[in-house]
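Trainee: I would be grateful for a close look at one part of this protein, namely its nonpolar interior. Please set that part in the context of the whole chain.

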Amino acid sequence: MSIRVFLIDDHTVVRQALRVMLETEPDIRVVGEAGDAREGETGVAAARPDVAIVDLKMPGASGISAIPRLLAASPDTAVVVFTMYNNPVYVYEATHAGASGYVLKSASKDDLIRAVRAVHAGAGFLQDEVTRPLLRRLALEAKGGADRSSPSLREVQVLERLCLGNTNKEIAHALAISEETVKTHLKRLYEKLGVSDRAQAVAIALRQQLID
């Protein structure tokens, strides 16, 4: 029986290339595609695919925020994130949201095929190029080495939402934490980055490529 795959990416060319690449495999069949998260949720709910391949950065809702809704719409669907962003924070957020796999768009065809087959079989899949920086970051935090020099994973999550113009209340809601906790993270961020306000924090973060 074929593995039924649904594609969610805002670039038509990417979806077309993925469809051609996946359907060269005898055990994989693309059953639908969508150009944004909302359309993807509707499509996945109707098609009930075995695997959904989802981009992170799309117009409207992000791939990360869509993952829980995709899984709610089709609980037996496994999600593979397919993105250009090799950022430990995104890997952490995606897997925390329920993704079973994380593959970079620079990956080989074999890596993506392995990811689809792995998550369909009930396993997880993190590409090697993704796993190493994530483990380094987590190890650094475990040793307390990130306290003074570099923002923690949670602090980078807050920082990313600053770039989106979110208020403290919106950040708290998105990360499921209190507004007081958001203020604490912001205070630590400002200290680590050597800044005094949001605009300076965002400018430094972009310059130092702490966020994408």
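Mentor: The model shown here is a predicted one. The protein chain has 212 residues, of which 48% count as buried. Its secondary structure consists of 11 helices and six strands. Of the contacts between residues at least 6 apart in sequence, 64% join residues at least 24 apart.

Turning to the interior, the largest nonpolar core contains 24 residues. Within this core, the residues with the most contacts are Ile8, Val54, Ile67, Val81, Ala94 and Tyr102. At least two residues of the core come from each of the strands β1 (3-8), β3, β4 (78-83) and β5 (101-104), and the helices α2, α3 (63-73) and α4 (88-97) likewise each supply at least two. As a general background, nonpolar side chains in soluble globular proteins tend to be buried together.

Val54 merits individual attention. It belongs to strand β3 (51-54), and it is one of the core residues with the most contacts inside the core. Setting aside neighbours within four places in sequence, Val54 touches Ile8, Gly63 and Leu70, together with the run Val79, Val80, Val81 and Phe82. Two of these partners, Ile8 and Val81, are themselves listed among the residues with the most contacts inside the core.

A second core, separate from the one just described, comprises 21 residues. Among its members are Val5, Val80, Ala115 and Val119. Val80 is thus a member of the second core and also a contact of Val54.

Helix α5 spans residues 109-120 and includes Asp111. Asp111 counts as buried because its relative accessible area is 16%, and the cut-off for burial is under 20%. Beyond its neighbours within four places in sequence, Asp111 is in contact with Phe125 and Gln127.

Two loop residues offer a contrast to this interior. Arg48 lies in the loop between α2 (37-47) and β3 (51-54). Although not a glycine, Arg48 has a positive phi of about 50°, and at 47% relative accessibility it counts as partly exposed. Ala176 is found in the loop between α9 (168-175) and α10 (179-193). Its phi is also positive, near 60°, in a residue other than glycine. With a relative accessible area of 69%, Ala176 is exposed.

As for the outside of the molecule, the accessible surface of the protein chain amounts to about 10600 Å². Carbon and sulfur atoms account for 52% of that surface.

Conventions
Residues are numbered from 1 along each chain as its sequence is written. This is a predicted model: local features need pLDDT of at least 70, side-chain atom pairs count only at pLDDT 80 or more; totals for chains, interfaces and linings use all residues. Side-chain values use heavy atoms; hydrogens and water are left out. Helices (H or I, at least four residues) and strands (E, at least two) are DSSP runs, numbered from the N terminus. Buried means under 20% relative accessible area, exposed over 50%, partly exposed in between (1.4 Å probe, protein chains only). Contact means heavy atoms within 4.5 Å. Accessible areas come from the Shrake-Rupley method with a 1.4 Å probe; for residues, only the protein chains shown count as cover. A nonpolar core is a set of buried Ala, Val, Leu, Ile, Met, Phe, Trp, Tyr and Cys residues joined through side-chain atoms within 4.5 Å.
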